[in-house]
Amino acid sequence: MKTLIIAEKPDMGRNIAAAIDPKAKNFRTYIEGEQYIITWAIGHLIGLAEPDAYDDKYKKWNFNDLPIIPDHFKLIPNARTKDQLKQIGELAKRSEKLVNACDAGREGQHIFSLIQRHLKLKQPVKRLWISDLTPETIRKGFAELREGVEYENLTKAARVRSEADWLIGMNGSRAFTTKHQVLLSVGRVQTPVLAILYDRQKEIEAFSSNKFYDVEALFKQQETEYKALWQGERITDPAKANAIVEKVKGKMGTITSYEVKDTKEYPFKLYDLTLLQREANAKLGFSAKKTLDTAQALYEKHKVISYPRTNSNYVTEANIPEMYKALDQLKGTSYGELAEQADKRLVHKNNKSICNPAKVEDHHAILPTHKKAGGLSNDEQQVYDLIVRRFLAQFYPPAEYKIHTVLTEVEREMFKSTIKQLLSLGWKVIYADQKKGKPMSRGKADKTDEDEVPEEEITTPFSLQAAEAVKCAKIAAKEKETQPPKAYTEGTLLKAMEGAGKQIEDEELRDAMKDSGLGTPATRASVIERLKQVDYIVMQGKRIIITQKGRTAVELIRSAGVDLLTSPEMTGHWERRLNEIARGVASDEAFMANVKKFTNLIIEKVRVQSKAAKQAFESAAGPASAGAAGGAKRTTRTRSSDGGAEASGSAGAAGSAKRTTRTRSSEGGAEANGSAGAAGGAKRTTRTRSSEGGAEASGGAGAAAGAKRTTRTRSGDGGAEASGGAGAAAGAKRTTRTRSGDGGAEASGSAGATAGAKRTTRTHSSEGGAEANGSAGAAGGAKRTTRTRSSEGGAEASGSVATGTQRSPSAATLRTAASEPALPSAAQAAVARGSIAACPRSGCAGRIIAGKRGYGCTAYKAGCGFVLWKDSLGTSLSEADARSLIERGHTAPIRRIDENGNQTEARLYLSDTNTGQLALEPTITINRR
């Protein structure tokens, strides 16, 4: 009988076959030779079963059915790849030995283990453990196959990690979702990452910018000029800054200190996956997932780089000869000139910045292989270029500089200068043909000190005579502002995830996370994508913005008393135990017992938590309006005269967008009016009129993140055409066309909303008839369809909604109130109701008006987010209450129902004049009889 080799993916299987048995015959789903049968998984062929596999009652999400803790976890094949799993089973019957050739790591070990358990394979197992797919490495790996039993502890660690994540994710998500009647996804890794984004957003919102003044001077000594910055406490008074300028301008000064030192800058470390993703995001604008997918293609398809899912920046002594071979093959490529100038003597086993076996676990740093690259796509070429240049830099000497530090005194005022004089480019010649920008490195904190003296980098000789005087040739006071913390990009979030454990006070936990952080290099991209899918975050250009739904999710988890879920500390506990299990010094059974206890704790904490108000998940796109992330509102009306019909419907779309559209037809004339407020308060208005050969269109728009919208209007019989472009939230694209001819009107539009949502709208009019058809896919794959048809007195409307991700609660399980009608615009409301008071938000000139659900500001389009929700803290606010809150800062004592169901009397206080957030001060409790 033969030996069955199971690789993780088809390309890996084919590469193995080509290396060890090139004459083997290809049978599409496996390759067979004289000694070996080589087949493959396609990623995860098997997963843990959903809760309803244990009991049908779990098909409906019910809080009273929690927690769900199986005695034994069931496995279920992936329906899309079940044929391949069946094929592996058939091939195993013809084999006496197995070789686990899945990826060398915990996840690869888990994939093989699941196949082995599900198919009940009893054959002895050998383990292939390699870091790249070159034929030499594969052949060497097979010559040094290890016993499968050596990895039993790693298998246990992988298994309990998977089962523990299932328990926390399934129970946590169902508990918070059914309690608050909004789909809330919870996970061991994704929730702390969301909390990182939440905390940064709160820092940004709490930041108050202050003006300050830098006094910058230009000094001259003979032919030498240098810039300098005034030294002293930060200047906030412009008069003081200008006084220094007048005092020093044109005056002579002395050099009180002049120091010169030589310094060297060594090449940055080789890439691990996270560092590659960060740099590709910063330089190329690639998402973490795109970089991972591209690197995986370079590894599997093209075989031009080593295994990319690594967490190491170093190589072992055994890798150095392979690095030499890779350098040699680059000499015959477009990198030839750089490769020819490279010095192999700089890469050796004693160079600890490159070769450090103690810091190589499963895989070494990402390296180019000695296979010549060809047929790469543009994206692949760009990522390959990053890897090759970082690799080549290791064979170059350090860049050399002279640092000149100068203190200059004029009229008893001190100025400091730092001049960085380039002596030799060294490894930086690798990047000389690119735009100036430093590659990312490890371990250097970002410079955030706004008072720091900037380095002036020069390439020409520089020298001063310390004993000679200098003259202030120019001087100016420059107004600046303190800057808030920056919003995360995918690149900076990856860095935060990687270093998440560094803030943990417990030294042992911090040490457990020092090489792991939140997630693994292989999973961090999918965590970010998951946050997008469940509508917790949206992208605005490169910036990550947390949605209102995401904010509320963090607040609910923390307030429930299970804030460990939002902290990297739990991952620290887990990683420490998982590492110990993998080493055989900790019990997997004890680990799971503790996870089950924590699962029960989550359920009990959520059980006694008060249900969140529906408004807590909604963003105020207008004055007290209900457009929310994951539950925004759209209202569509279609009206036809001559036997008219009218239909209206509301639907939720991702990204807190709100749209109102009206279409009216009258015997050959058509008029359409639509407004759309995208995330952040954007608005679009479009009007189209047609009357037997005339057409008119107008549109105005403003939206976040510079996405694109196009509107075209065309009329037959003497037609006119107009088009306009505008931005929609977070890069969405929308196209609308309206065509009219001889009394007929047709309009169609498609829109990609946040997180991949899609919306299509069509309106058709013929002799007084109107038809509208729309579909929308919300975050996570939701779909909505609405039709309205009118024809000479007839009307028809239909709609279907399926919301959430796979296996999410049904509409019957999560019964939520229908969205309320859109509020009138600020101007209309002010006229209809009159304003209540001036907006208390600092710098806002708006007025507070009453809406259907709250009291909002007329300046909401200008960015004012002040809203007093009518249903707040167990009571209903009247206009008098709202006025009192705004003008006095509190209400009179009012009756409310507390979280225990008791009636109390309390004052409500306005705790935040920027947002309208309220606080409570109870005064009297009224006992219930």
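In the predicted model, Glu-411 is located in the loop that connects strand β13 (399-410) to strand β14 (413-424). The phi angle of Glu-411 is near 50°, a positive value in a residue other than glycine. With a relative accessible area of 39%, Glu-411 is partly exposed. A positive phi also occurs at Arg-28, where the angle is near 75° and the residue is again not glycine. Arg-28 belongs to the loop between β2 (25-26) and β3 (30-32). Its relative accessible area is 66%, and Arg-28 is therefore classed as exposed, the limit for that class being over 50%.

A further backbone feature is the cis peptide bond between Leu-66 and Pro-67, for which omega is about 5°. Pro-67 is placed in the loop that runs between β5 (46-48) and β6 (75-77).

Strand β14, which borders the loop of Glu-411, also contributes to the aromatic contacts of the model. In total, 13 aromatic pairs are counted. One of them is formed by Phe-219 and Phe-415, whose ring centres are 5.4 Å apart and whose planes meet at 75°; the pair is edge-to-face because an angle over 60 degrees is assigned to that class. Phe-219 is part of strand β10 (residues 211-221) and Phe-415 is part of strand β14, so the pair ties together parts that are 196 residues apart in sequence. Phe-219 has a relative accessibility of 0% and counts as buried. Phe-415 likewise counts as buried, with a relative accessibility of 0%. A second edge-to-face pair consists of Tyr-299 and Tyr-307, with a centre-to-centre distance of 5.5 Å and an angle of 85° between the planes. Both Tyr-299 and Tyr-307 are buried. Phe-219 and Phe-415 also belong, together with Tyr-226 and Phe-462, to one aromatic cluster.

Aromatic rings are also found beneath charged side chains. Lys-290 lies over the face of Phe-286, at a distance of 4.1 Å from the ring centre. Arg-127 is positioned over the face of Tyr-151, at 5.8 Å from the centre of that ring.

Among the helices, α6 (residues 190-206) packs against α15 (residues 524-533) at an angle of about 70°, and the two axes are 10 Å apart. The two helices are therefore roughly perpendicular to each other, as this description covers angles of 65 to 115 degrees. On the side of α6, the contact involves Gln-190, Val-193, Leu-194 and Leu-197, whereas α15 supplies Val-527, Arg-530 and Leu-531. Classified by residue type, the contact of α6 with α15 comprises 5 nonpolar, 1 polar and 1 charged residues.

Gly-889 is situated in the loop between helix α20 (879-888) and strand β39 (894-897). Its relative accessibility is 21%, so Gly-889 counts as partly exposed, buried residues being those under 20%. When residues up to four places away in sequence are not counted, Gly-889 touches Ser-884, Leu-908, Tyr-909 and Leu-910. The C-alpha atom of Gly-889 is separated by 9.8 Å from that of Pro-840, a residue 49 positions away along the chain.

Conventions: Residues are numbered from 1 along each chain as its sequence is written. This is a predicted model: local features need pLDDT of at least 70, side-chain atom pairs count only at pLDDT 80 or more; totals for chains, interfaces and linings use all residues. Side-chain values use heavy atoms; hydrogens and water are left out. Axes are lines fitted to C-alpha atoms, for helices over the stretch in contact, and angles run from 0 to 180 degrees between N-to-C directions. Helices (H or I, at least four residues) and strands (E, at least two) are DSSP runs, numbered from the N terminus. Angles under 35 degrees count as roughly parallel, over 145 as roughly antiparallel, 65 to 115 as roughly perpendicular and the rest as oblique. Contact means heavy atoms within 4.5 Å. Ala, Val, Leu, Ile, Met, Phe, Trp, Tyr, Cys and Pro count as nonpolar, Asp, Glu, Lys and Arg as charged, and the others, Gly among them, as polar. Buried means under 20% relative accessible area, exposed over 50%, partly exposed in between (1.4 Å probe, protein chains only). Rings of Phe, Tyr and Trp (its six-membered ring) pair if their centres lie within 6.5 Å; planes under 30 degrees apart count as stacked, over 60 as edge-to-face and the rest as tilted. A charge sits over a ring if NZ of Lys or CZ of Arg is within 6 Å of the ring centre and within 35 degrees of the ring normal.
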